[in-house]
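Work through these short exercises with the structure in view. Each task is followed by its solution.

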Amino acid sequence: MKQILLSKILTTLAAVSAAVLLSGCFETKDEFTLNPDGSGKVVHESKFQNMNLSGDNEATEESLKEAIAKVIEGTKGVGAWRDVSYKRLDDGRLYFKGTAYFKNLSQLDIPNQTQLEFDWKTGMGGNGVLTLRTNKGGGHEGFKVEKKSVDLTKLSPDERAKKIKEERAKFQQMKPMMAGFMGTMKHEVILHLPGQPVSQSNFTKDASGALHLVFDGAKLLDAMDKLINDDAWVAKNLGSFSPGADKPAMDEEVNAAMFGSKAPVQAAVTGATKPAFDYAVEAAAAKKEFAKIQKQLGTSPVTVAPPAKGGTLKSLKVVGVRLVTESDKKRELRPFNYDAGYAVVLLAELPGSVLAITDKSGLDTAVADDGSVLLKDSEWDRRFSFPKLSTDKAAVLLEAELKAPGPGVKGLKELSGHLQYNVAGSAKEIDLGFTDLTAKAKGMELGAQIESIEDGWQKNGSQQMHLKLKTDKDALKAVYLIVGDEKTELKQNGYSGGMGSFTFTYELKTAFPAKGRLVAEVYDQLQTFDVPFKLENISLLGASLNGK
């Protein structure tokens with residue numbers, strides 16, 4: 001819950017029952033100091049309800065630290081925090097305050113505690129424009145998306161009236177949930193901008209020249225309650241009350257009700273050439289303090305072990321098992337929701353840190369103590385599914401699927417296989433050489449081709465790009481979008497392919513611009529090592545039967 005976007009509100013509400021942690025009710029105050037280049041700092045102060053829908057809401061010091069750590073770890077675009085304090089309030093809510101340093105205001109994201117986000121753009125002569133981001137598909141990062149409106153000309157008067165009635169019904173159905181979720185939500189923002197003010201709309205200004213803006217959830221609900229009875233407004237926003245559909249941004253009518261005037265929430269300045277503070281100096285000091293904060297909260301960065309250079313495993317043991325002897329699909333009687341079978345989870349301590357475990361790793365032999373073969377028939381089923389590397393990259397959990405053992409089996413005579421892993425040296429950046437970022441466009445490097453660009457599944461203004469590259473999936477570290485001086489790492493949402501050619505799915509919070517550069521960061525000097533392993537005479541639970 002953070003964009004001042006009706007679709008975001010409704011989609012989040014619809015998904016609330018599936019959320020593990022939800023910070024639904026908050027009162028937040030943010031005071032920004034901004035430099036001309038978009039860097040800055042924000043004193044962030046929030047009172048929020050941290051709710052665990054599993055029912056585990058024990059008020060312990062450990063749970064308090066865990067909640068605050070999640071706030072800090074969940075932020076994006078923050079280089080460091082300092083002056084952090086936190087406590088549990090008498091009413092059960094949590095209190096958090098800290099100063100966050102960011103390189104780019106447009107990339108700043110403090111989830112579940114903020115509702116107002118801003119974009120900052122600079123031009124010639126120290127001119128700058130600050131805009132409230134009202135839609136992920138809007139002006140974020142300099143890109144613009146034209147929203148697709150419903151073609152009312154194709155509806156008869158009766159159909160149009162029916163549609164409007166349906167929209168009102170959807171709103172009334174969701175209104176109680178919205179009231180409970182947003183009724184106490186408040187977000188106050190104070191902004192100290194560089195340069196001299198030229199114009200502003202929907203902000204208020206104090207004696208020092210700082211701009212103020214307040215979001216009040218109850219006020220938004222009141223505004224929606226009135227606007228839902230306006231036929232013209234509802235018609236313009238058809239589809240807004242179906243979670244997951246394409247939704248409008250908060251428009252000028254809502255702006256007028258919330259902030260005072262039918263205009264964008266925007267401010268323009270000139271002469272923004274002098275930094276308000278030395279970002280590099282303050283951020284460097286903050287990083288030193290941030291390391292202490294991380295240690296206090298138990299979130300200190302894990303040091304990656306020295307890279308592996310081949311050699312045998314340091315150790316291997318069974319740390320988990322799953323055994324299903326009978327399963328009946330027709331009667332829907334499936335223990336753990338699994339078919340009959342046996343699985344063991346192996347913990348392998350590697351000879352050093354690795355980049356990745358390849359999909360060629362798997363079992364070669366699985367013989368029970370009665371001589372029966374438990375190895376799966378399909379070679380694919382013998383491979384390890386989704387190996388989980390440790391944070392220091394020097395250990396891995398491997399889940400091995402086997403056939404269910406017979407009733408007389410007490411253990412395994414032999415369980416052996418092979419582990420293949422990649423180790424890389426440094427990384428280098430390669431401009432993929434696209435002249436246009438459009439579907440079917442081809443680049444000049446790594447056989448790059450944009451197979452398609454489509455709206456994100458959440459229908460919130462984001463887009464997904466399916467990018468085909470001739471490279472090993474483990475050799476690709478990251479892909480960046482570069483527009484002018486803006487460099488944004490794209491979020492990878494999966495991949496498909498094989499044999500040195502993969503199609504990767506990347507997501508951007510806005511639409512992909514037609515003009516821009518895609519740069520791939522790839523690992524150099526990729527090495528592959530194979531390590532055999534074997535366990536003998538173990539029980540079905542993984543314990544040694546040799547008395548050792």
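**Exercise 1.** Which strand gives the most to the lining of the second largest pocket?

*Solution.* This is a predicted model: local features need pLDDT of at least 70, side-chain atom pairs count only at pLDDT 80 or more, and totals for chains, interfaces and linings use all residues. Residues are numbered from 1 along each chain as its sequence is written, and side-chain values use heavy atoms, without hydrogens and water. Start with the pocket: its volume is about 1400 Å³. It is lined by 46 residues, and the closest to its centre are Ile-357, Asp-359, Pro-387, Lys-473 and Tyr-495. Now the strand: strand 26 (residues 491-498) gives the most, with five residues.

**Exercise 2.** Place strand 26 in its sheet.

*Solution.* Four strands form an open sheet, ordered 22-23-27-26, with antiparallel pairing. Strand 22 (449-455) and strand 26 are the edge strands, each pairing on one side only. From one strand to the next, the twist averages 15°. Six bridges join strand 26 to strand 27 (residues 501-508); two strands pair if DSSP finds at least two bridges between them. Gln-492 stands opposite Tyr-506 in strand 27.

**Exercise 3.** Is Ser-416 buried or exposed?

*Solution.* Find Ser-416 in strand 20 (residues 411-423). Its relative accessibility is 7%. Buried means under 20% relative accessible area, exposed over 50%, partly exposed in between (1.4 Å probe, protein chains only). Therefore Ser-416 counts as buried. Its side chain joins that of Glu-414 in a polar contact of 3.0 Å (a pair of N or O atoms within 3.5 Å, one able to donate a hydrogen and the other to accept it).

How values were computed
1 Å grid on protein atoms, 1.4 Å probe; cavity = no way out; pocket = protein on both sides within 12 Å on 5 of 7 lines; lining within 4 Å. Points joined across faces, edges and corners; volume = space filled by probe spheres on them. Helix = DSSP H or I, 4+ residues; strand = E, 2+ residues; numbered from the N terminus. Axes fitted to C-alpha atoms, helices over the stretch in contact; angles between N-to-C directions.
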